[in-house]
Amino acid sequence: MSETPSNLQIHADRLWAAILETAQFGATPKGGVRRLTLSVEDKAVRDWFRAACEAAGCTVAVDALGNMFALRPGRDPSKAPIGLGSHLDTQPTGGKFDGILGTLAALEVLRTLNDAGIETDAPLCVANWTNEEGSRFAPAMMGSAAYVGDFTVDDIRARKDAEGVSVAQALDAIGYAGSAPVGSQPFGAFVELHIEQGPILEAEGKTIGVVEHGQGIVWYDGRITGFESHAGSTPMPLRRDALATFSEIVLTVERLARELGPDAVGTVGEVAIANPSRNVIPGEVAFTCEFRSPHGETLKALEEGFAAAVQEVAGRRKGVEIAIETVWRKDPTHFDPKIIAAVREAATTLGYSNRPMVSGAGHDAFNLATKMPVAMIFVPCKDGLSHNELEDATPADCAAGANVLLHTVLALAGVAKPA
Ligand SMILES: [Zn+2]
């Protein structure tokens with residue numbers, strides 16, 4: 001066989017059964033899942049996943065941070081494996097799909113290939129990344145972040161949860177401090193299937209999101225210092241009103257994001273007036289502000305526009321100081337054009353409606369994209385809801401996503417030709 005069998009489909013009922021079966025590990029009364037990373041529930045799902053991968057003929061390696069890699073050999077062992085997968089941990093009140101769909105769909109891809117007797121040219125490697133959610137230990141996506149070298153293994157192993165238990169202790173407690181060095185598993189490319197966690201696909205009646213970018217982000221802390229004085233006896237021209245100044249900043253943020261849209265958002269999410277009183281002119285205001293855009297130039301234009309506007313307001317309002325500090329900045333993630341094209345091609349060939357998308361949420365794939373060609377596949381989730389026990393997706397959409405994953409991976413790995 002020299003062509004990818006274009007009519008090959010995953011076993012939708014088997015995928016759905018795996019989703020329901022693993023949802024028992026940490027099941028909540030409201031139908032969700034509570035499976036914090038490196039907990040006993042996480043151990044249970046990891047043991048299940050390891051056994052399932054081994055039964056599918058894989059060798060399962062675990063690295064020193066508990067990242068799991070199930071390898072299915074290919075015809076050409078000199079080729080780097082094509083990676084697929086996501087995460088199995090959840091939020092404290094999480095659902096059955098966030099992360100889990102991508103990991104179990106990857107397993108289903110292997111099972112489907114086994115059933116069809118298909119050998120790929122490059123090996124395949126299914127990954128389960130440790131602590132994507134970040135609710136028990138910070139940072140989120142720590143397994144993939146350490147994999148690409150953003151943090152040292154020692155740093156991550158020393159991180160503690162609210163009870164003072166370190167990552168190292170938690171890994172030992174469940175037996176998932178593996179022997180493979182972090183970062184040692186090679187990948188030729190990586191594809192992650194995930195629920196959208198937003199409302200766009202459902203609203204437009206589309207089945208597949210072809211994710212092209214992840215948002216860039218900049219976070220600011222701001223402080224405006226004016227002067228407190230009597231609300232009745234201070235004439236308007238003599239006021240140094242921190243809150244009135246702040247209101248100009250808020251409207252600036254909204255105006256900039258609208259002007260530079262549609263791929264730009266700006267939010268002032270927190271504000272505190274120091275010593276507020278109805279008859280005192282506010283003297284000090286602290287606030288947060290953020291901008292996001294999937295385009296580097298747009299993010300830069302937002303930052304420059306913001307700095308210029310702040311300077312203009314400060315120059316006009318005599319006696320009021322505006323201090324802005326950048327506390328976090330991340331460039332937009334751009335997925336690989338070749339992998340994006342493979343996802344779009346697979347979705348289109350399979351007859352699924354699809355559209356290009358930006359991911360508003362963070363994913364392990366973003367970390368991996370700094371080191372290898374990566375793309376993501378989104379499927380709709382009910383009401384755009386995620387990080388909630390009511391998180392839901394239809395069996396048909398889950399199967400569609402898994403089929404797109406299957407054909408993307410086949411295109412990237414190549415189907416082995418008989419010797
Ligand atoms: Zn996730």
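Start by selecting helix α10 together with its surroundings: the elements that cover its buried residues include β5 (189-195), β6 (208-214), β14 (354-359), β15 (374-379) and α12. Keep in mind that this is a predicted model.

**Helix α10**

Now show α10 alone, residues 337-349. From the first C-alpha to the last, its 13 residues reach 18 Å, close to the 18 Å expected at 1.5 Å a residue. Which residues of α10 are buried? Colour I339, I340, A342, V343, A346 and A347. These residues cover an arc of only 160° around the axis, so they sit on the same side of α10. An α-helix has 3.6 residues a turn, so residues three or four places apart point the same way. Turn to the other side of α10, where P337, K338, E345 and T349 are exposed.

Next, look at the two ends. At the N-terminal end, D336 caps α10, with a side-chain oxygen 2.9 Å from the backbone nitrogen of K338. Just after the helix, select G351, which has a positive phi of about 85°.

**The nonpolar cores**

Move to α12, residues 395-413, after first selecting some of the largest nonpolar core. That core has 94 residues, and L15, F187, I208, F335, V404 and L405 touch the most other members. Helix α12 gives the most to this core, eleven residues. Centre on L405: leaving aside residues up to four places away in sequence, L405 touches L84, A105, A106, V109, V191, L193 and I377. A second core, separate from this one, has 20 residues, among them V218, I224, A242 and L302.

**The zinc ion**

Select the zinc ion. Which protein residues are its donors? They are H87 (NE2), D98 (OD) and H194 (NE2), at 2.0 to 2.2 Å from the ion. Their spacing in sequence is H-x10-D-x95-H. H87 and D98 both lie in the loop between β3 (82-86) and α3 (100-116), so this pair ties together parts that are eleven residues apart in sequence. Both H87 and D98 are buried.

**Backbone details**

Go to the loop between β4 (124-128) and α4 (142-147), which holds P139. The peptide bond joining A138 and P139 is cis, with omega about 0°. M141 lies in the loop between β4 and α4 as well, and its phi is positive, near 55°, though M141 is not a glycine.

Is M141 buried or exposed? M141 is buried, at 17% relative accessible area.

For a second cis bond, select G261 and P262, where omega is near 10°. P262 is in the loop between α8 (242-259) and β9 (265-273).

Finish at D383, in the loop between β15 and α12. Phi of D383 is positive, near 55°, and D383 counts as exposed at 54% relative accessibility.

Methods. Residues are numbered from 1 along each chain as its sequence is written. This is a predicted model: local features need pLDDT of at least 70, side-chain atom pairs count only at pLDDT 80 or more; totals for chains, interfaces and linings use all residues. Side-chain values use heavy atoms; hydrogens and water are left out. A nonpolar core is a set of buried Ala, Val, Leu, Ile, Met, Phe, Trp, Tyr and Cys residues joined through side-chain atoms within 4.5 Å. Buried means under 20% relative accessible area, exposed over 50%, partly exposed in between (1.4 Å probe, protein chains only). Helices (H or I, at least four residues) and strands (E, at least two) are DSSP runs, numbered from the N terminus. Contact means heavy atoms within 4.5 Å. Donors are N, O and S atoms within 2.8 Å of the metal (3.2 Å for Na, K and Ca); water is not among the atoms, so sites may look incomplete. The expected span of a helix is 1.5 Å times one less than its number of residues. The arc is that of the directions from the helix axis to the C-beta atoms. A polar contact is a pair of N or O atoms within 3.5 Å; within protein, one must be able to donate a hydrogen and the other to accept it, and residues adjacent in sequence count only if both atoms are side-chain atoms.
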